[in-house]
Amino acid sequence: MLLSSKYSLPEVSDFVIDRSRLLEPLSQVDFEKVITVIAPAGFGKTTLLASYIANVEYPVAWYSLDENDNESSQFLHYLVESIHRATGNGIPRTRGVLESSKTVDLIATIGDMLEELRSFSEPLRIVFDDFHLIENEQVTRAVKFMLKHASTGISFALTSRSQPEIGLASIRLKGQLYEIQAQDLALTIEETADLLARHNDFDFDHEKIVQLQLLSEGWPPLVQLFALSVESADQVGRFLEEFEQGHTHLLDYLAEEVLERLGSDMRDVLQSTSVLSRVNEDISNRMSGRIDAGDLIREASRRGLFLSPLDSARNWYRYHPVFAKYLQRTITSADLKSLHSRACEQWLELKDPIQALHHALELKSIDRVKHILQQFGDELLLNGHYRSLGRCFQFIGDNEVVDTPQLALVAARIAQAQFAYDRVDMLLAACERNINRTDPDLIDQYGGVFATLRAQVAISKGDLIEAREYADEAIELVDPSSLDHAIASSVMGEAAFCLGKLDEALERMREIEKRARQLGDLPDTIWAICQQAEILYAQGELERSTNARERARDLIVEHNLENTPVAEFIYRLSAQQAWEALDIDGTKDFTNRGIAAARHLGESLMLQEYSLLANIALADADKDACLKWLDKLGRLLDHGEYHQDWVVNADYARLSIWEALGDLPEIERWLASVKPVSASPTNHFEQRHGRNVVRALTAVQRYSDANRLIRRLIRVAKKHRLVTDLNKDLVIKAYVDWQQGNRDESIEELHKAVAGALKTGLRASFLRCGKPVILMLKQLMRARELNEEESGLCKELIDLAQRHPEFDGRLRIELDPAVIDQLLMSDSCPEMIKRSPLTPREWQVLNLIHSGFSNGKIAEHFNVAPSTIKTHIRSVYQKIGVEDRQAAIDLASDMLRSIQEA
């Protein structure tokens, strides 16, 4: 008796994650192509293929395989039954022969079946689900025969945990293969967030979602189990830690689905290498004591056992972290300790200290860690292994570190790169005291290096005078060919940048990049390139800045430096420039990468990323998210000391949200407490701080103060050729003039800003003006003769501004006199309004009604009695010819929309 479940399409639950990003392209695949979905257990292979098949219009023969289908006769019976039913009893001859014969030839019967199918007039797709369970070579050859000899109109699809040997390579070469693999099936961060939202009725912090994404690497069972396990927001951190160590239910799942199916030889090799973060034939043979371990590792990967190749030659592999933790839980603690000890020794023999350190830490051996650091500390620092080194120094303890100048300097450099400036001072001072007490002659050896680090700290804190003094001291004391000399020179370059000496700063950074490359110092090479990108952007050299950022990102990826501070820097810089270009997807992508790079440094160092996420939330008109980010930014700023560059970016986001909320009291409070703008704002962060203040002053209608400050910003930007900042300053100047009613001046400045934006690529700065920018740009197009590029940019910006949503989803424009004039000329404006115009106050009341304000709220807004507002409302209704509030809202919406679409 045949089980109908084996030849029936599986049901797809309504409560599965939305996989439209995979299903939509799948629906466009040519029918003739073979579709393969190959990935380890739990990636949703069957669900994806079943979801796709459920929506096709042609017949499908679905065959769910299990271990018993390795028996040729059973395989053939189910295959024929599935195809016979799918085709509407379309192969009766083959089915009859099969039922009447006790023994059949597998290949011959399939050949007869394919011949009989030639008379079937419709297309047919044959699906093999869980093909990895087929180990019988005769059955495998039969499927290969089908793929090779099936007539036009018959196509195939399969799911598997491993690559099946059915001739897919030749099909691939013919361009007839559509492949979906584990990396395609892995949940994206958006899908992870969606799945959590479906299961849980509370919001997850973005950084926690990113942490879960990194832990799971998009493996759906882990995310699903996490979603089901966590019942409240305060449990999230605890369950993340538990899942990182190996949740019991996950272990049960892997035991049932994976380990029980393995032979003893493969199980031994997997267990003995599970402590390794990467594995090849050499290290697997060393760890297992076998000569065939490499072959078994490759076989395990081919079978889809959570081993991913790290290179195209498939020499190196890595375990999925969940699977590695699972394997380690199957080993006794004594054996696990022995494996870590063996791994530490083997990696040192192979000259791989970072891997050796990992195992020394697992063994909790201070002596081993110190020995490796003294031997390889400088090399590891040059190669950007900040996170691993930081863990080592935390494990050793400061008392052990400062006793050894070599270790103290490495620890201080890491602290400086992680913005822990107080820690740098503590380490250097303690080390100096120990040197003076034990061996004063060493001060001459280390004095220049200490000065270099103190110069870096001073420049990071914005103390330019102290930074230049320490840098001068370091340049005088250290060897001109040394790394410290290059770093001290870079401090001088940063100081030049901050002082508006962009050409000098750019030349110094190029020289530093060259010297750092010669010294093999990758982090400082990348850092110097990042600085060049910032300087070029400030000069308005958008294309050259972009090229520099791409060079830096390529080096980060090439040398596996994604989890270093310099990676956070370049991803953040890329996100900020993507934001200014209004590339929202790019902003999200780079921001998430920055969070991933900085996660281990703590939440306090994510202020920049949080500021970007606040901007994105505002662009999405997500009021709840905006309020959440406002709270986070305020909390971080209240409890931390940050460079002004960080603070002004956070203030930009906060002011944007306060303006969108109409929260003028908060803007007033910010103005009362904010640091004064420099008399000579010669760098991008002082300039942005100035623009923040101008925007705040304009919001509270302190136009004279705003005008004085914006003129100063423009004057300094012109003097120091801060092209991009000048472009942004002109946008703000145009906005301030427009708000004051100085339309001619506004249009003049706006024209300059539009012309400049063709070079700088600015977009977000224009939209920061809100809906009035629509009228400003339209007036510019009427009042000035623009060239084709300028006109095109104006139209693009108008379109972007019109599509930019408000928190309430409505199309709203501030009702200044120019807007009222536009309303009166609108086709949607009733004639009775044109004959009997509304007063300015009545227009404002109509705008507030349109915005959803109640009578009481409108009275509160104008600080008048509710009866006064009712009088205004009756007058408005009479003049516009409506009888109720909804009709007034609809009419206002029509008029406002007609302006924006004009």
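Here's a quick rundown of the cysteines and the salt bridges in this structure. The model is predicted, so keep the filters in mind: local features need pLDDT of at least 70, side-chain atom pairs count only at pLDDT 80 or more, and totals for chains, interfaces and linings use all residues. Residues are numbered from 1 along each chain as its sequence is written, and side-chain values use heavy atoms, with hydrogens and water left out. In short, the count is zero for disulfides and 40 for salt bridges.

**Cysteines**

- A disulfide is a covalent bond between the sulfur atoms of two cysteines.
- Taking a disulfide as a pair of cysteine sulfur atoms within 2.5 Å, the model has zero of them.
- Why does Cys626 have no bond to another cysteine? Its closest cysteine sulfur belongs to Cys769 and sits 18 Å away, which is too far.
- Cys769 has its closest cysteine sulfur in Cys794, but at 13 Å that is too far for a bond as well.
- Cys626 is buried at 1% relative accessible area, and Cys769 is buried at 2% (buried means under 20% relative accessible area, exposed over 50%, partly exposed in between, with a 1.4 Å probe and protein chains only).

**Salt bridges with partly exposed partners**

- Side chains of opposite charge can pair when their charged atoms come close.
- The tally is 40 salt bridges (a side-chain nitrogen of Lys or Arg within 4 Å of a carboxyl oxygen of Asp or Glu).
- One of them joins Arg172 and Glu179, at 2.8 Å from N to O. Arg172 is partly exposed at 37% relative accessibility, and Glu179 is partly exposed at 27%.
- Glu666 and Arg669 form another, at 2.9 Å from N to O. Both belong to helix α36 (residues 664-673) and sit three residues apart, about one turn of the helix.
- Helices here are DSSP runs (H or I, at least four residues; strands are E, at least two), numbered from the N terminus.
- Glu666 comes out partly exposed at 24%, as does Arg669 at 49%.

**A buried pair and a network**

- Arg691 and Asp729 meet in a salt bridge at 2.9 Å, N to O. This pair ties together distant parts of the chain, with Arg691 in helix α37 (residues 684-699) and Asp729 in helix α39 (residues 723-740), 38 residues apart.
- Are these partners buried or exposed? Arg691 is buried at 8% relative accessibility, and Asp729 is buried at 0%.
- Elsewhere, Glu81, Arg85, Arg95 and Glu99 are joined into one network by salt bridges that share partners.
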